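I opened the notebook to look up a handful of local features, beginning with charged pairs and going on to backbone geometry, helix packing and the surface.

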Amino acid sequence: MFWRFFVITLFNLCIISIVGYVDGQVQQQLLNKLACIEHEECGACLSAASHCRWCADPYYSSSVPRCNDDETLVADGCAQNMIQRPYKPIWDVAENHTLQDMAPDSHEAVVQIQPQKITFSLKPRESKKIKFSYRPAKNYPLDLYYLMDLTWSMKDDKETLVSLRDDLPSLLKNLTDNFRLGFGSFADKPIMPFTSVDPRRLANPCAVEEEACEATYSYKHHLSLTNQVNEFIKKVNSSSVTANLDNAEAQLDALVQAITCDKEVGWSPHSRKIIILLSDGLLHTAGDGKLGGASMKNDENCHLDKNGYYSEAGIYDYPSIAQVYRLLDKYKVNVIFAVTENVKSHYDSLHELLIDFTYVAKLESDSSNILKLVKMGYEDIVSVVNFEDDATAGPIKVKYFTDCGVKGGSMVEATRCTGVEYGMTLNYEAHVSLESCPEYKKSHHTITISESQLGQDSLTLEVEVHCGCECEGNVQQGMVLCPANSHLVCGVCQCNKGWSGPYCNCSIEDEAASAALSAQCREPNVTRAIPCSGSGECICGKCECDPGSNGRYCQCKSCQKSRINNVECGGIERGVCVCGECACVRGWSGDSCDCTDSTDTCVAPASEEVCSGHGECVCGRCQCYKANQAGTAYSGAFCETCATCENPLCANAEPCILCHLNSSCTDVCTIGNVNYTVTKNMNEAPNNDDISCILRQEEDGLNCEYRYTYRAGIKSMIAMEMVITAKQCTQPTSAQIMTTALITMACVIAAGLIVILGVKSAQVVSDRRAYAKFVQEAQESRKHMQELNPLYKSPISEFRLPESYPRDRHDM
């Protein structure tokens, strides 16, 4: 009876499992069909899911959906040559020159980013990874333009700069072999209230100092960029100081002219452009110029006369900080503010607003440390690499991941890297994604990814957005008669621009006609249905859903986004959203299609068992079983370790740890077909996901113990990443035994002495207490004897004189 009951129960369970599996398959097929059939245009159909197809046959039956899968369309009578399928994917690395440093005789040979051009296609809800590398080129050209405050207070600073004629070339050659120098100066606008307009003071603003100087000017360009240092020193030496009335100058006026007058200054298209601005005063900003009548907004253009003076200083206002930022970004110019202590805090605040392009340093009162500041500012600027793109305004989004040049380092989401040195290769990944189609037609987009401080080397992405159909451009005439205000597109009549509705008789601007069609926006067979389910707007009989809702009547909510790539249902490669529920493709499951059916990621290196036989693979990760009957609980990324058992992955990793410690292997260590990386980061606190291991070996007569952690690699080529976190060395066993014996003997002797001293102290205290007790008892005995013996007479007699008896003074 027992066996019969068992067999019947097992048979029922099998039947239930089969029925459940079949029901799941049927439900999945139904969801896949629902993802297609509600779409009424070819572009929207092909963008809905990877399996959706469109029948462009104008004579196709109107009683069945034109958007469906291949098999259904053929079964319903659509000819194969009339079925519209998605465009074929495109991927082409058009330019891929290798990284190359600056050649001595050519600027064109330098290559700092690889590859240079990629052409590919994107479908809605699709994301592609673009891998590129960046390496700063050695001896990259430097254009250094000195922009100096030549007001009276900076007179000695000019003389200091002239005295550096011999040291300046040596310093610049240490930075790069290819450098050029230019020189410009600034003071203030030659208008009241910034400068005196008295004729005598206007001609010689230094008259109050009883000195002669040049008339006040806003900006003057003295020397275009040149590699002749002597000519630079000569121009600085021949320049004259000037003066103004207030304690603020026209630094921003001068900056705009020095940046935009690229032909006059001679900026090279292939160079690192740096302006070093020396000043001991504050600066005027936008709005200050209106006090003197310079009321027009700065036009961000070059206005130099034939003598190099800024000719429109009295017409245009000072530029704003935002204008300066845009120009620095456009022309890729960096600024080093070398300023004195009394105004440095002011420029620090300015640096916060222009942080991507500026550096602030303290200038000594006589500019004696100017060379040091140039070196520090240059090194600070070149040590930062930051990538940007021009895709912010379009439908395509770009996210960046980089290792910042750390060998074996993990890719983290970032665009900016600091501490970059020459020779370092920075690996980047640009995740380019298209969440939805801006309009249902094929379009072309060009995205330029460039380093924000240089911009000369860039990666160009030519992106074909596949949101339309090939039949949309075909003119189909004389086949099907379409109503007025419409034309035939992909087999169906499509309304002309400005018209909508089933018969294209609803003007989008006609509110009455739109109201008449509002009934078509109500979901049928629903009590008290409201237009577009209250989650959208009804326009000419069609619902335009609010964000977060979809469906013909906006009756469906958006599906969950993947935790991995933040795309709905994980993207078109994993599933599609069908009325608030993700329909996953084969191989994926879960609420957001995040769970893969593959168990490859659950198999530990050098193992063939899934989760080491101590767990099950769920969504690509191991879930370890609870403690077994013996009370053993397993843990780790592959359920490979427990509190009482030896970790097999620690043993597998030991050869790579030894190889790294002996410096006899490359960055990637390979054992069998498994790749490992080993890094050293002493005293690093391990993460919760890291498993600790111990390696013991003898070094220089000492027993050394290395502690290291490992975790499953996040790169496709790396199976395990290990980090050495601690090292501790002790003496060998024989020395340890001797040391332990001596320590034990010392402890025994010390304990014996302590015991003896304790016993002796106890005896002394006990004797003292006994003696005190004896004395007390003897006194008590004598006292009692006096009270109890009647024959006892005291030998002491006492006499007292009467109080009235006369006494002399000696009787007291």
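**Charged pairs**

I began with R416 and D356, whose side chains meet in a salt bridge with an N to O distance of 3.5 Å. This pair links distant parts of the chain, since R416 sits in strand β19 (residues 416-417) and D356 in the loop between α11 (341-353) and β15 (358-362), 60 residues apart. I should keep in mind that this is a predicted model.

I then asked whether R416 counts as buried or exposed, and found it in between: R416 is partly exposed, with a relative accessible area of 36%. D356 also has a value between the two cut-offs, 20% and 50%, because its relative accessibility is 23%, and D356 is therefore counted as partly exposed.

While I was at D356, I looked up V384, which is 28 residues from D356 in sequence and 9.2 Å from D356 in space, C-alpha to C-alpha. V384 is found in the loop between α12 (370-382) and β16 (385-389), and with a relative accessible area of 9% V384 is buried.

How many salt bridges does the structure hold? The count I noted is 16. As a reminder to myself, side chains of opposite charge can pair when their charged atoms come close.

Next I took the pair E40 and R552, whose side chains meet in a salt bridge at 4.0 Å, N to O. Here again distant parts of the chain are linked, with E40 in the loop between α1 and α2 (42-48) and R552 in the loop between β29 (549-550) and β30 (556-557), 512 residues apart. E40 counts as partly exposed, because its relative accessibility is 47%.

The third pair I looked up was R574 and D594, which form a salt bridge through their side chains at 3.6 Å, N to O. R574 lies in the loop between β30 and β31 (575-578) and D594 in the loop between β33 (588-589) and β34 (595-596), so the pair ties together parts that are 20 residues apart in sequence. Are R574 and D594 buried or exposed? R574 has a relative accessibility of 13% and so counts as buried, and D594, at 7%, counts as buried too.

From D594 I went on to C595, which is placed in strand β34 and is buried, with a relative accessible area of 13%. I also noted C584, which is 11 residues from C595 in sequence and 9.7 Å from C595 in space, C-alpha to C-alpha.

My last entry on charges is a network of salt bridges that links R53, D70 and R85.

**Backbone geometry**

Most residues other than glycine have a negative phi, and most peptide bonds are trans, so I searched for exceptions to both.

Which peptide bond is cis, with omega near -5°? I found that it is the bond from Q114 to P115, where P115 belongs to the loop between β5 (113-114) and β6 (117-122). I also entered the peptide bond from M192 to P193 as cis, with omega near 5°; P193 lies in the loop between β9 (179-186) and α6 (199-203).

For phi, I noted N139, which is not a glycine and yet has a positive value of about 60°. N139 is found in the loop between β7 (126-134) and β8 (142-149), and its relative accessibility of 30% makes N139 partly exposed. I added C404, again a residue other than glycine, with a positive phi near 50°, located in the loop between β17 (396-402) and β18 (412-413).

**Helix packing and a surface patch**

How do helices α8 and α10 pack? I noted that helix α8 (residues 251-260) and helix α10 (residues 321-331) pack at an angle of about 25°, with their axes 10 Å apart. Angles under 35 degrees count as roughly parallel, which means that α8 is roughly parallel to α10. I recorded the crossing of α8 and α10 as left-handed.

Finally I turned to the surface, where L30, L34 and I37 form a nonpolar patch, with about 240 Å² of accessible area together. Of these residues I looked up the place of L30, which lies in helix α1 (residues 2-37).

Conventions
Residues are numbered from 1 along each chain as its sequence is written. This is a predicted model: local features need pLDDT of at least 70, side-chain atom pairs count only at pLDDT 80 or more; totals for chains, interfaces and linings use all residues. Side-chain values use heavy atoms; hydrogens and water are left out. Patches are made of residues with over 30% relative accessible area and no salt bridge: like charges are joined within 9 Å, nonpolar side chains (Val, Leu, Ile, Met, Phe, Trp, Tyr) within 5 Å. Accessible areas come from the Shrake-Rupley method with a 1.4 Å probe; for residues, only the protein chains shown count as cover. Helices (H or I, at least four residues) and strands (E, at least two) are DSSP runs, numbered from the N terminus. Buried means under 20% relative accessible area, exposed over 50%, partly exposed in between (1.4 Å probe, protein chains only). Axes are lines fitted to C-alpha atoms, for helices over the stretch in contact, and angles run from 0 to 180 degrees between N-to-C directions. Angles under 35 degrees count as roughly parallel, over 145 as roughly antiparallel, 65 to 115 as roughly perpendicular and the rest as oblique. A crossing is left-handed if the near helix is turned anticlockwise from the far one by less than a right angle, and right-handed if clockwise.
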